[in-house]
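Let's take a walk through this protein together, one stop at a time. Have the chain open in front of you and turn it as you read.

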Amino acid sequence: MPWLMAATVFSPRQFRLGDGPAIAGVEEASLNPIYKNIGESIFARMSGLAVKHDAVNLGQGFPDFGWPDAILDAAAQAVKEKSNQYAPAPGLPELRQAVADHYNRHFGQTLEASLICVTSGATEALASCILATVTLGDEVIIFTPAYDSYAPMIRRAGGIPVEIALQPSQWRIEREALSAVITPKTRAILFNNPQNPTGRLFDRQELQVVADAAIEHDLVVIADEVWEHVLMDGQRFTPLATLPGMAERTLKIGSAGKIFSLTGWKIGWIAGAPELAALVTKAHQFLTFSSAPNLQWAVAFGMAEGDAWIEPMQHRFARARDRMIAALRAAGFFTLPAASTYFLCVDLKASGIAIGDLSFASQAVEKAGIAVVPLSVFYECNAPSHLVRLCFGKRDETIDAGVAAMAKARDLFTR
Ligand code: PMP
Ligand code: GLN
């Protein structure tokens with residue numbers, strides 16, 4: 001791949017300086033405008049407001065049930081009995097092997113342990129993949145609404161995020177839309193499937209659209225597949241790397257946080273062909289070098305022994321989703337289809353609420369005691385402003401309290 005050879009020097013002057021607040025005693029030129037001009041993440045902001053207003057938190061995505069006791073025991077035992085010193089930078093050999101075996105077993109892949117790099121969650125995996133593949137002026141295609149770290153991280157690497165704004169309620173990837181944004185500067189596609197925040201599992205035809213474009217234009221695809229096991233209604237997941245011609249150009253990202261409902265553990269990984277895997281491991285070594293060894297041991301145990309946990313988890317999430325949707329509909333809300341991830345979208349306009357998603361989110365948490373996430377923040381432009389995301393991976397009592405607060409918000413905003 002010729003782009004692997006391209007060496008460039010990063011120049012912060014390439015970026016537009018915004019109008020963020022001055023920081024006393026620090027020269028404007030010494031601040032990176034990317035961080036100077038963005039605020040706290042929407043997840044942190046909504047969780048902070050939920051605490052401040054004692055609201056039900058259906059905003060930031062984390063389940064309040066569902067983690068297997070056996071993996072917690074494995075972690076506790078590893079803290080006591082295994083090394084607590086630096087793990088090898090690409091990860092414990094046992095975890096790398098367990099991840100490779102897991103994918104070979106579940107999806108018929110032929111991965112070897114040497115192709116896996118363990119990271120501090122998928123967020124670091126994303127950063128490593130982007131830093132390893134994007135150089136100054138490269139264009140990276142993202143499908144919005146997209147996870148919040150994508151665009152800032154692409155910019156920080158010197159790249160330019162090129163948005164394909166998917167539209168509700170189908171959220172479909174169209175071949176023409178993708179072809180239309182590819183230029184000689186396009187270097188990569190950052191593709192999230194199943195997609196957060198829409199809850200969409202893209203179908204085989206859409207995967208082929210992405211694969212065809214990548215092959216035709218010699219692009220790398222960073223495939224954020226962290227939600228691969230959080231599927232409902234009997235859906236089956238296909239890793240992008242298993243499509244013909246894709247294994248050699250795909251960097252696949254996974255996360256134990258999602259597979260085992262342990263979002264705070266922040267153990268993730270990247271799987272890629274030898275050349276790509278070696279490259280991202282070099283980026284990773286200067287980001288975090290390595291992650292907590294005891295959690296790596298426990299995740300290795302889960303990846304090797306935990307296949308039987310997956311289906312019950314999917315059923316519990318499906319039950320939680322059905323409960324939330326039934327209650328929301330009974331309260332007059334219109335919901336979009338949701339069959340992967342533990343998120344669903346509420347259509348405010350169709351629910352009779354005339355205010356936009358940002359106003360709804362900021363007022364609902366304060367006045368009705370419910371934290372949600374506005375969808376428009378996940379777009380660069382062309383954002384629909386009538387949708388909010390709710391996390392349904394919650395116990396019955398959390399769901400009931402959350403929907404009661406949503407009903408209160410609806411009363412306030414439809415008057
Ligand atoms: N990518 C997507 C699409 C996600 O939804 C998330 C977390 N919700 C992440 C990456 C980050 O995962 P981690 O917590 O493992 O860093
Ligand atoms: N990914 C989680 C979500 O979508 C939040 C992750 C975070 O807070 N950084 O809600």
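Start with Leu344, which sits across from Leu390 in strand β13. Keep in mind as you look around that this is a predicted model, not an experimental one. Right beside that pair there's another match-up: Phe343 faces Cys391, again in β13. Both pairs belong to a bigger arrangement, in which β10 (residues 343-347) and β13 (residues 387-391) run antiparallel and are joined by 5 bridges.

Now check the other partner of β13. Strands β12 and β13 also pair in the antiparallel sense, this time over 2 bridges. If you want a spot to aim for, find Pro374, which stands opposite Val388 in β13.

Zoom out a bit and you can see how these strands fit together. The open sheet has 4 strands, in the order β9-β10-β13-β12, with antiparallel pairing. Which strands stand at the edges? They are β9 (334-335) and β12 (373-374), and each has a single partner strand, so one side of each is left without a neighbour in the sheet.

Back to β13 for a moment: how many of its residues are buried? The count is 5 of 5, so to speak a mostly covered strand. In a regular strand, side chains alternate between the two faces of the sheet. Here, Leu387, Arg389 and Cys391 point one way, while Val388 and Leu390 point the other way. Whichever way they point, all of these residues are buried.

Next, hop over to another strand, β6 (residues 220-224), where you'll find Ala223. Is Ala223 buried or exposed? A residue counts as buried once 20 or more other C-beta atoms lie within 10 Å of its own. Ala223 has 27 C-beta neighbours inside 10 Å, so Ala223 counts as buried. Leaving aside residues up to four places away in sequence, Ala223 touches Phe191, Leu240, Ala241, Thr250, Leu251, Lys252 and Ile253. Take Ile253 from that list: Ala223 and Ile253 are 30 residues apart along the chain, yet their C-alpha atoms are separated by 6.0 Å.

The last stop is ligand 2. What's around it? The residues there are Ser41, Phe43, Gln60, Gly61 and Asn196. Sort this shell by class and you get 1 nonpolar residue, 4 polar ones and no charged ones.

Note on methods:
Residues are numbered from 1 along each chain as its sequence is written. Chains are lettered from A and ligands numbered from 1 in the order in which they are written. This is a predicted model: local features need pLDDT of at least 70, side-chain atom pairs count only at pLDDT 80 or more; totals for chains, interfaces and linings use all residues. A residue is near a molecule or strand if its C-beta atom, placed from the backbone, lies within 6 Å of it. Ala, Val, Leu, Ile, Met, Phe, Trp, Tyr, Cys and Pro count as nonpolar, Asp, Glu, Lys and Arg as charged, and the others, Gly among them, as polar. A residue is buried if 20 or more other C-beta atoms lie within 10 Å of its own, exposed if 12 or fewer, and partly exposed in between; C-beta atoms are placed from the backbone. Two residues are in contact if their C-beta atoms, placed from the backbone, lie within 7 Å. Two strands pair if DSSP finds at least two bridges between them.
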